[in-house]
Amino acid sequence: MGFSVRLPNVVIFVNDANDSIDLALIELKNYRVKELKSVYSFLPYKYLGFGHAFDGELWYMLFGYVNKKTKLEDYAFLADPFGYLTTIRQYRNFEKLGFSYENNVSLEYSRKQSFLQEEVRMLGIKDLKGMSGGGIWLSVEGKRLNTYNYILVGIMTEERIDRGFLIGTRISLIEEHIN
C-alpha cells in the first residue's frame, strides 16, 4: 500500500500512475524481508525517532543527496552527500501549500547562512532538487561522555527554498499506520 502525505490531515491511497508518492508504506511477507536483509542493511529500531515531538529549541541535521552533487560516470553514480544543520521554522500558510503540521515539519533553510565544517566556511547549496528521501536527524547524547547518537525523526519530501524552508514528513506517521 502506498500513500501521499501532501494533503492536510488526510492520508489518500494512490491508485493512479500519474500521482506522486512522497512516502510509501509497503507490507512485506517474511520471506521477502529475509531476502532484503541478505542484500541490504537497515537502520535498527532504536535509531528511529517514533514519537519525537519536533521542538524549535532543538537542532536537526538534514542529510541526503542532491542532484547537483550526483553524476553518472561510466555505469556508476558518484554522489557526494549534503548535510545542513537547521532548526524548525513555522510557516503560517503551510496548510495552503497542502501540508499539515500534524504530519509534516518545516525547517529553516538559508543558503547564504554559512556553517563551519572542519574549520572551513561553507554555503548551502542553491538547488536542493533530489533531497527528497533524505533524512532529518536529531543528535542526542550517547551513553559515554562526548559521544552522540543520531535518531531519524523525519524524511525530506519537499524543498521550498524560494520561501526559505524545507518540508519533511514525521517518521512517526509511519508507525501510526503500521500499528
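## A salt bridge within helix H1

In this predicted model, Glu 35 and Arg 32 pair up through their side chains in a salt bridge, with an N to O distance of 3.1 Å. Both sit in helix H1, and because they are three residues apart there, about one helical turn separates them.

How open is this pair to the outside? Glu 35 has a relative accessible area of 41%, so it counts as partly exposed. Arg 32 comes in at 40%, which also makes it partly exposed.

## A salt bridge across the chain

The count of salt bridges comes to two. The other pairing joins Glu 108 to Arg 89, and here the closest N and O atoms are 4.0 Å apart. This one ties together distant parts of the chain: Glu 108 belongs to strand S6 (residues 104-108), while Arg 89 lies in the loop between strand S5 (76-86) and S6, with their positions 19 residues apart in numbering.

As for exposure, Glu 108 has a relative accessibility of 27% and is therefore partly exposed. Arg 89 is partly exposed too, at 24%.

## A nonpolar patch on the surface

Which residues make the nonpolar surface patch? Ile 26, Leu 28, Leu 36, Val 39, Tyr 40 and Phe 42 do, and the patch covers about 630 Å².

Take Leu 28, one of these residues. You'll find Leu 28 in the loop between strand S3 (23-24) and helix H1 (30-39). Its relative accessible area is 41%, so Leu 28 is partly exposed; that is over the 30% a residue needs to join a patch.

Terms used. Residues are numbered from 1 along each chain as its sequence is written. This is a predicted model: local features need pLDDT of at least 70, side-chain atom pairs count only at pLDDT 80 or more; totals for chains, interfaces and linings use all residues. Side-chain values use heavy atoms; hydrogens and water are left out. Patches are made of residues with over 30% relative accessible area and no salt bridge: like charges are joined within 9 Å, nonpolar side chains (Val, Leu, Ile, Met, Phe, Trp, Tyr) within 5 Å. Accessible areas come from the Shrake-Rupley method with a 1.4 Å probe; for residues, only the protein chains shown count as cover. Helices (H or I, at least four residues) and strands (E, at least two) are DSSP runs, numbered from the N terminus. Buried means under 20% relative accessible area, exposed over 50%, partly exposed in between (1.4 Å probe, protein chains only).
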